[in-house]
Amino acid sequence: MVYFTADTHFGHENIIKYCSRPFPDAKAMNEFMIEAWNSRVTGRDTVYILGDMFFRCKAEEVEKILTALNGRKN
């Protein structure tokens, strides 16, 4: 399968307020989005990321999230 996504904003605390996302903090949001992504995307799928995936994440956090997400990310 091929998927397209944009503007996930992993790590972006203020996006919770700006977009009324139902999370207490970025950590909870990140964990939920990883779980939701992996419930749909398999290791055989390709995901094209068209917009802001991360915001103010340290390199090690970016690597951890990318590793946790199923599929080939482009």
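This is a short tour of a predicted model, moving from its sheet to a surface patch and then to its aromatic pairs.

Begin by selecting the strands E1, E2 and E3, which together form an open sheet in that order, with parallel pairing. E1 covers residues 2-5, E2 covers residues 46-49, and E3 covers residues 72-73. If you look along the sheet, you will find E1 and E3 at its edges, and because each of them has a single partner strand, one side of each is left without a neighbour in the sheet.

Stay with the sheet and select E2 together with E3, two strands that run parallel and are joined by 2 bridges. Within this part of the sheet, show Val-47 and Lys-73, since Val-47 stands opposite Lys-73, a residue of E3.

Next, go back to E1 and select Val-2, which is found in that strand and which counts as partly exposed because its relative accessibility is 49%. Now add Phe-4, Tyr-48 and Leu-50 to the selection, and you will have a nonpolar patch on the surface, in which these three residues and Val-2 together have about 440 Å² of accessible area.

Two members of this patch deserve a second view, so show the rings of Phe-4 and Tyr-48. The structure holds 3 aromatic pairs, and one of them is formed by Phe-4 and Tyr-48, whose rings are stacked, with 5.3 Å from centre to centre and 20° between the planes. Phe-4 lies in strand E1 whereas Tyr-48 lies in strand E2, and the pair therefore ties together parts that are 44 residues apart in sequence. As for their surroundings, Phe-4 is exposed, with a relative accessible area of 59%, while Tyr-48 is partly exposed, with a relative accessible area of 33%.

For the last stop, select Phe-10 and Phe-54, which form an aromatic pair that is tilted, with 5.8 Å from centre to centre and 35° between the planes. This pair links distant parts of the chain, 44 residues apart: Phe-10 sits in the loop between E1 and helix H1 (13-18), and Phe-54 sits in the loop between E2 and helix H3 (59-68). Is Phe-10 buried or exposed? Phe-10 counts as buried, because its relative accessibility is 0%, whereas Phe-54 is partly exposed, with a relative accessible area of 22%.

Terms used. Residues numbered from 1 in each chain as written. Predicted model: local features only at pLDDT ≥ 70, side-chain atom pairs only at ≥ 80, totals over all residues. Heavy atoms only, no water. Patch = residues over 30% accessible without salt bridge, like charges linked within 9 Å, V, L, I, M, F, W, Y side chains within 5 Å. Areas by Shrake-Rupley, 256 points an atom, 1.4 Å probe, with all protein chains shown as cover. Salt bridge = Lys/Arg side-chain N within 4 Å of Asp/Glu carboxyl O. Helix = DSSP H or I, 4+ residues; strand = E, 2+ residues; numbered from the N terminus. Buried < 20%, exposed > 50% of the residue type's maximum accessible area, 1.4 Å probe, protein only. Phe/Tyr/Trp six-rings, centres within 6.5 Å; stacked < 30°, edge-to-face > 60°. Pairing = 2+ DSSP bridges.
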